[in-house]
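Please open the model in a viewer with the cartoon display switched on. The tour below proceeds selection by selection.

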Amino acid sequence: MNAIIKVEQLQAFYILEILGKRKTVKAVNEVNLDIPENEIYGIAGESGCGKTTLLKALFAFIEPPLQICTGKVNYSLNGKFVNALSLNGKERRELRWTYISYIPQGSMSVFNPVKKMKVIYLDFLESHLQGKANRELLTLARQHLEELGLSPQILNAYPHQLSGGMRQRVAIALSTLLKPRIILADEPTTALDVVAQRAVLQLMRDIQHELKNTIVLVTHDMGIHANITTRMAIMYAGRIVEEASTQDIFSRPLHPYTQYLIQSLPRIGDKTTRSSVPGSPPSLIDPPPGCPFHPRCVQVLDLCTREMPQLQDDETNHKVACWLRSDQNVRHP
Amino acid sequence: MSVTLKAQNLTKVFSLGGLFSRTKIIAVDRVSFVVQPAEIFTLAGESGCGKTTTARMILGFEFPTSGELLYHDENIQELKEKKEWFKKVQAVFQNPFETFNPLRKVESYFCETIWNFHLVKTQKEAHDLIEEKLQAVGLSFSEIAGKYPGELSGGQLQRSSIARSLLTNPSLLIADEPVSMVDASLRMSIVNLFREMSDSLGLSVIYITHDLATAYYISDRIAIMFRGNMVETGPVEAVLDKPKHPYTKLLIDSIPQPDPLKQQITPIKFLEEREEYLRKGCKFSGRCPEVMDICKQKVPEDVSVDGEVVKCHLYQR
């Protein structure tokens, strides 16, 4: 497995000052992650668990109040690992959209409603490819849309004339115009119905197949992860609690939180009662001591309330951060 | 016992465009259905299929262009006292963070509903009523007292929203995508809540969603809507286990299965909404895999097949 992004001990906090009081929101806490090349990698977790912040850190898009406290985000550039967080503004800009691109949340409403899609595409292309005539750029845009199976006629439409699913696909097409090596997609299918969602997933799968690049897909919907990703991580309260191949996560979940997530999924043809995780998600300002999941966990141990378990690997590259699965726990019960 | 709600040939037409180039979009086209007491009835379909418009007509936000809505055999358009109607029908909306004004305390919504309908006389009684309804959804007054929406989680807010709708003791609850914005780990608890309330309070629920898996899980009967038409109506097991209409088959096929071994690879066609609304004949004929010549010319009629109602030429005889 060749990693394309290596995240080391990343801590990204929102530091807020409200009425003279300092508050720290620990959105991404001690995250270590290797994202493999030429795969669709999924990150799952509920809202407010730090998924979007992690993506922003991966994109090296850090704006106050977000601050990187410690850690590195290494990109693999020409065989060497470069810490993206140490690059200056100009170097980061050069990498964006050509090496790494980002599809933000709700990207179907990012388009300017009074401009035609053509103008939006031209704006984008002009700022990245200098010294080309508008006609050339438009042909490029048309070709790209055709390759992805979208009608080039949409270039003449205003954003409001397209449906949500179509706009989302146009936004994805725009982010892949310069054939980036990494695409970060934040909840690309939320707010779409199942049919439009399927069309979007199909498009992403086609893009990955053709460009042989890496897509990092963030969504809370486990069904989508099962459908498209090959490897995935489960996040809870700013930490990665489990990381494995998608098949392993679904067939043999090890962390109690993952087990709940998978059990609670309703399926057609099965009317047995499903329950959700008891309690409510923790606050990131003041997370519980020890393992952040311990107040909601049914198999809680005394150790869980005191110490945070580390992410541990087993033989099959299935990593989990839980005292129940830890060797240390066996030694000191 | 009479049915709770009956819709007969309910139609809503929106016109688009300027003075000279008017196009008519039939958002809801001659839809008929009944909701039984203590039943969970699901309206399912993709976005822009008219499910929310139907709900808005039931709630009285929108007037039907033609057709009737009968509540216990009374036409709701001819009701003299609208307030009585609002008391019996309550709504729960999609996004709990948008339902509540972030600058108002959550409890003020409860007080406002009580005040508007003159439900109780004293403050003590009001407090007891709120506590009772919050208990019913698994919350307590002390959890929400004095709090702003930002201080509660999505699950707690959606529960409060449901508790508020129960204040007037409604007999019909309209839930428009109530769980799509709730965290995955809390979603099933809200879904289970609807089932419990329907069983214990005899409440009828119209559950509007595009998520067929949760629809299968809680509802008794389901109607699949497509571009303003109800294409298939029947008991949920029959419709989703053995779908008849090609559109229902497509919808079921599109649900991402929570199983990595069952990935969807068959490509699908995706058409623009407006194009399909203006189509002659069956609106689904543009993407139907089993399309026939007649589908492009004539609108199919409702046929009953094995206790279901299907709107498709394949079953016409």
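The stops that follow begin with chain B, pass through the contact between the chains, and end in chain A; the model is a predicted one.

**Chain B as a whole**

Select chain B and colour it by secondary structure. Twelve helices and twelve strands are found in this chain. Rotate the C-alpha trace onto its principal axes: chain B spans about 70 × 55 × 45 Å along them. The radius of gyration of chain B is 21 Å, which agrees with the value near 20 Å that a compact globule of 317 residues would have. Of those 317 residues, 45% are buried. Among the contacts in chain B with a separation of 6 or more, 66% are between residues 24 or more positions apart.

**The contact between the chains**

Next, display both chains together. The contact draws on 39 residues from chain B and 38 residues from chain A. Which element of chain B gives the most to the side that touches chain A? Select α8(B), which gives the most, with six residues. Then add α7 (154–166), α9 (212–218), α10 (236–241) and α11 (246–254) of chain B; these helices and α8 (184–201) each supply at least two residues of that side. Colouring this side of chain B by residue class shows 18 nonpolar, 14 polar and seven charged residues.

**The eight-stranded sheet of chain A**

Hide chain B and turn to chain A. Select the strands in the order β6-β7-β8-β3-β9-β10-β12-β11, and an open sheet of eight strands with mixed pairing appears. At its edges are β6 (100–103) and β11 (312–313) of chain A, each of which pairs on one side only.

Within this sheet, zoom in on β10 (residues 239–245) and β12 (residues 319–320) of chain A. These two strands pair in the antiparallel sense over two bridges. For A:Glu242, the residue to label in β12(A) is its bridge partner, A:Val320.

Now add helix α1 (residues 51–58) of chain A. The helix lies across β3 (40–44), β7 (182–186), β8 (214–218) and β9 (231–236) of chain A. Relative to β8(A), helix α1 of chain A runs at about 155°.

**A hairpin in chain A**

Finally, select β4 (residues 66–77) and β5 (residues 80–83) of chain A, an antiparallel pair joined over four bridges. Label A:Leu77 and, opposite this residue in β5(A), A:Lys80. The two strands form a hairpin with two residues between them. What is the sign of phi at A:Asn78 in the turn, positive or negative? The phi of A:Asn78 is positive, at about 50°.

Conventions. Residues numbered from 1 in each chain as written. Chains lettered and ligands numbered in written order. Predicted model: local features only at pLDDT ≥ 70, side-chain atom pairs only at ≥ 80, totals over all residues. Pairing = 2+ DSSP bridges. Contact = placed C-beta atoms within 7 Å. Axes fitted to C-alpha atoms, helices over the stretch in contact; angles between N-to-C directions. Nonpolar A, V, L, I, M, F, W, Y, C, P; charged D, E, K, R; others polar. Rg over C-alpha atoms; globule rule 2.2 N^0.38 Å. Buried ≥ 20, exposed ≤ 12 C-beta atoms within 10 Å, placed from the backbone.
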